[in-house]
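The report below describes one structure, beginning with a pair of side chains and moving outward to the fold, the core and a few local details.

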Amino acid sequence: MKPDSVCEVSMSKYNVDYAAWRNRQVIYEGVLTIELADDMTATDDVIAEQVHATLAERAAQYGGSSPDMVNVNSFEKTE
């Protein structure tokens, strides 16, 4: 049985060089690949929010700390 409507969202991947902070100390840093919907404009703030959400999700799933703040050093679209 097919659903009545299928909504496919086109996504783009970005490699993000970031530093994540908690209590004024860097707890994670490196390069992370994230995905954004093509209808979203990739700005530092939007990218930082997505990195923060990804790190918080991983912390909840695997343990560890969720950052208070994420700094985006750079990002580039990979696809």
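In this predicted model, Y14 has a relative accessible area of 9% and is therefore buried, since the cut-off for that class is under 20%. Its aromatic partner is F75, and the two rings meet edge-to-face, with 6.0 Å from centre to centre and 70 degrees between the planes. F75 has a relative accessibility of 26% and so counts as partly exposed. The structure holds 1 aromatic pair, and because Y14 lies in strand β1 and F75 in strand β3, that pair ties together parts that are 61 residues apart in sequence.

The wider fold gives this pair its setting. The protein chain has 1 helix and 3 strands, which follow one another along the sequence in the pattern β-β-α-β. Among the contacts in the protein chain with a separation of 6 or more, 58% are accounted for by residues 24 or more positions apart. Of the 79 residues of the protein chain, 25% count as buried, while the exposed surface comes to about 5800 Å², of which carbon and sulfur atoms supply 45%.

The largest nonpolar core has 14 residues, and the members that touch the most other members are V16, Y18, I34, I47, V51 and V70. Two or more residues of this core come from each of β1 (11-22), β2 (25-37), α1 (44-62) and β3 (69-77), and the largest share, 5 residues, belongs to α1. V51 illustrates how the core is joined: apart from its neighbours within four places in sequence, V51 is in contact with V16, Y18, L32, I34 and V70.

The helix itself has 19 residues, and α1 reaches 26 Å from its first C-alpha to its last, close to the 27 Å expected at 1.5 Å a residue. Its buried residues are V46, I47, A48, V51, T54, L55 and A59, and what covers the buried residues of α1 includes β1, β2 and β3. After α1 comes G63, which has a positive phi near 95 degrees.

Which residues of the loop between β1 and β2 have a positive phi although they are not glycine? Most residues other than glycine have a negative phi. N23, in the loop between β1 and β2, is an exception, with a positive phi of about 50 degrees, and R24, placed in that loop as well, has a positive phi near 65 degrees. N23 is exposed, with a relative accessible area of 59%, and R24, at 80% relative accessibility, also counts as exposed.

A buried polar residue is found in β1, where S12 has its place. S12 counts as buried at 5% relative accessibility, and its side chain makes a polar contact of 2.3 Å with the side chain of D38.

The relative accessibilities of the individual residues discussed here are set out below.

| Residue | Relative accessible area | Class |
|---|---|---|
| S12 | 5% | buried |
| Y14 | 9% | buried |
| N23 | 59% | exposed |
| R24 | 80% | exposed |
| F75 | 26% | partly exposed |

Taken together, β1 contains the buried residue Y14 of the aromatic pair and the place of S12, and β1 is also one of the elements that give two or more residues to the largest nonpolar core.

Terms used: Residues are numbered from 1 along each chain as its sequence is written. Side-chain values use heavy atoms; hydrogens and water are left out. A nonpolar core is a set of buried Ala, Val, Leu, Ile, Met, Phe, Trp, Tyr and Cys residues joined through side-chain atoms within 4.5 Å. Buried means under 20% relative accessible area, exposed over 50%, partly exposed in between (1.4 Å probe, protein chains only). Helices (H or I, at least four residues) and strands (E, at least two) are DSSP runs, numbered from the N terminus. Contact means heavy atoms within 4.5 Å. A polar contact is a pair of N or O atoms within 3.5 Å; within protein, one must be able to donate a hydrogen and the other to accept it, and residues adjacent in sequence count only if both atoms are side-chain atoms. Rings of Phe, Tyr and Trp (its six-membered ring) pair if their centres lie within 6.5 Å; planes under 30 degrees apart count as stacked, over 60 as edge-to-face and the rest as tilted. Accessible areas come from the Shrake-Rupley method with a 1.4 Å probe; for residues, only the protein chains shown count as cover. The expected span of a helix is 1.5 Å times one less than its number of residues.
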